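Reader: I'm more at home at the bench than in a model viewer. Could you walk me through how to read this one?

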Amino acid sequence: MLTSRLGLIYGCLFCSTFVSYLNAAETADTIFIQGKVITLDGRSQIAEAVAVRDGKVLATGSNSDIERLKDQQTRVIDLKGKTVIPGLIESHVHALRAARGELIQPHQELNSVAEVQAWIRERARELPPGRWISVPRTDITRLKERRHPTPAELDAACTTHPVYLNAARKDVLNTRGFELLGIKGKEDRLAGARILFDQQGKPLMMEGGGGAIRKLIPRETVSDAETREALKRLHAIYNSVGITSILERGSGVEEYREYEQLKAQNELTVRMTMTIRQQLRSAAAVEAFTKKLGLITGDGDDWVRVGPLKMTVDGGIHWGNTRLSEPYGETRRQFYNLEDADYQGDLFYSRELMEEVFEAGQKLGWQMCCHATGDGSVNEILTALEEVNRKLPVSGRRFCITHAYFPTVESVKRSKALGVCYDTQTYLFYRDADAINTIYGADWVNRFMGLKTFVDGGVPVAINSDHMNGFDPDHSMNAFNPFLAMYIAVSRKDIEGRVFGPEQKLSREQALRCMTIDAAYISFEEKIKGSLEPGKMADLVVLDRDYLTCPEAEIRQIKPVLTVLDGKIVFDASEVGRK
């Protein structure tokens with residue numbers, strides 16, 4: 001472990017590295033000295049200084065060794081004892097979606113029915129009477145009441161506007177909203193919708209009526225230029241919390257072209273790997289889509305590149321349709337308002353169809369990726385992959401499963417044999433662990449976001465946020481502060497400080513690797529970034545305190561002082577607030 005190596009004498013660790021570089025008589029563009037550089041190399045070495053040249057790490061080592069690499073043109077940055085880490089990789093975001101959404105309606109985190117009501121009242125003051133009010137995404141696992149607001153509670157907030165709230169695949173409207181849909185009592189119906197009524201026969205909520213509602217709500221649009229400017233602002237916020245690379249985890253070719261345009265205009269402040277999402281349902285569909293797309297995994301460069309082809313295999317814990325290995329049972333059914341006693345969650349692909357699509361994608365050169373939240377869906381994916389592996393070697397293709405909230409020792413063992421890797425979201429543990437404990441039970445919450453199971457099983461796992469709405473690093477859907485993410489992985493504490501599954505805690509180095517070198521691995525980039533080693537990209541972050549030794553509670557409070565991308569400073573805390 002890195003923390004056990006702090007007593008090493010820095011200078012002697014780096015002699016062999018410097019011989020080759022010093023003999024080449026290379027000088028640095030910039031050197032960072034008098035610090036604590038967490039390299040995350042194969043030996044977990046810690047240096048005093050790092051040298052950068054032409055956007056790459058030239059060397060790491062002792063202050064005296066690094067200072068030999070400067071000349072009169074070299075910029076010298078005195079770290080004054082501060083800690084340096086590799087640039088952080090946010091391996092699951094929907095940044096373009098968040099940028100567009102913030103232009104249309106800024107996201108607000110709502111944690112109780114009272115906060116929902118207050119937000120509605122404020123919005124009603126801003127909009128002309130009669131305009132629909134759409135409540136920001138609010139998951140019932142995160143509401144204090146752990147239930148949907150009622151139409152009466154929405155009425156108490158507003159009767160002058162129709163109000164719409166969607167959570168857990170159910171739509172709740174105020175009375176005016178239901179009336180505009182033609183629903184007043186039990187005798188009323190809406191095509192394709194299941195409507196739930198209270199004991200007085202008044203509508204409570206409905207499932208499957210979103211299409212009818214969307215027809216009534218005017219669709220707001222923003223221009224590409226506006227979206228691009230909002231995206232640049234979001235990227236700058238990412239930089240401010242130490243993020244230098246992102247994986248857009250579900251977009252299309254149009255979004256890819258947006259990033260290409262930003263790169264062409266020299267306006268990118270993060271590196272981006274694009275996950276292409278498409279629900280393809282045959283080998284022929286995969287072939288046709290790939291031909292039309294004209295892109296494949298690995299296309300692009302170090303700034304904008306194509307990642308995997310993604311398909312959605314099951315639902316989600318917030319929606320009440322994550323695919324489990326057992327029936328939902330009475331408690332989960334009541335919480336999510338489900339009817340089927342044998343329901344195990346949704347599975348959008350059969351095992352046979354997955355096998356067909358996986359094989360076709362692999363033959364064409366795609367890295368494949370699946371959205372799968374439950375243990376049942378993960379098991380089905382692994383079985384399909386095992387069938388493909390009998391025909392084509394799967395190991396080495398780095399098939400990636402995203403989410404996978406309930407890993408088991410057995411599923412991880414199978415994953416290792418197939419070379420499968422994972423990305424998962426600690427912020428969901430932070431916000432939802434107590435609800436999972438109540439609704440699913442102790443066994444489920446103890447392995448919820450079971451990072452140690454992955455790490456101990458030798459399976460690469462990246463931790464991230466699944467950021468999709470909002471610009472606040474700590475209060476978005478979902479919060480994308482990487483130091484909060486690592487704090488959760490290290491502490492296993494939820495938002496109220498409760499610890500669930502302490503055996504799943506990671507060490508600080510393990511958590512940091514999950515947001516650097518292991519995150520680079522899942523996109524085949526571990527040889528060019530994710531650690532501070534000679535020849536790798538000069539993406540690094542200078543911190544305001546020591547990540548390895550500060551009190552555990554302070555990990556989530558860590559702030560970057562400098563964020564450096566390609567050897568250039570893209571965030572400087574000393575410049576914040578200056579005109």
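Author: Let's go from confidence to overall shape, and then to one sheet.

Reader: Okay, what is the average pLDDT of the protein?

Author: Start there with any predicted model, and this is one. pLDDT is the predictor's confidence in each residue, from 0 to 100. Here the protein averages 94, and 95% of the residues score at least 70. Residues 1-24 are where to be careful: pLDDT stays under 50 over that stretch, for which the model has 44 contacts beyond four places in sequence.

Reader: And what radius of gyration does the protein have?

Author: You compare it with what a compact globule of that length would give. With 579 residues that would be near 25 Å, and the protein has 25 Å, so the two agree. Along its principal axes, the C-alpha trace spans about 85 × 60 × 50 Å. As for packing, 58% of the 579 residues count as buried. Of the contacts with a separation of 6 or more, 71% come from residues 24 or more positions apart.

Reader: How many helices and strands are there?

Author: You'll find 20 helices and 23 strands. Take one open sheet of six strands: its order is β3-β2-β7-β21-β22-β23, and the pairing is mixed.

Reader: Which strands stand at the edges?

Author: β3 (46-47) and β23 (568-572) do; each has a single partner strand, so one side of each is left without a neighbour in the sheet. For a pairing inside that order, look at β2 (residues 36-38) and β7 (residues 83-86), which run parallel over two bridges. Lys36 has Thr83 in β7 as its bridge partner.

Note on methods. Residues numbered from 1 in each chain as written. Predicted model: local features only at pLDDT ≥ 70, side-chain atom pairs only at ≥ 80, totals over all residues. Heavy atoms only, no water. Contact = heavy atoms within 4.5 Å. Pairing = 2+ DSSP bridges. Helix = DSSP H or I, 4+ residues; strand = E, 2+ residues; numbered from the N terminus. Rg over C-alpha atoms; globule rule 2.2 N^0.38 Å. Buried < 20%, exposed > 50% of the residue type's maximum accessible area, 1.4 Å probe, protein only.
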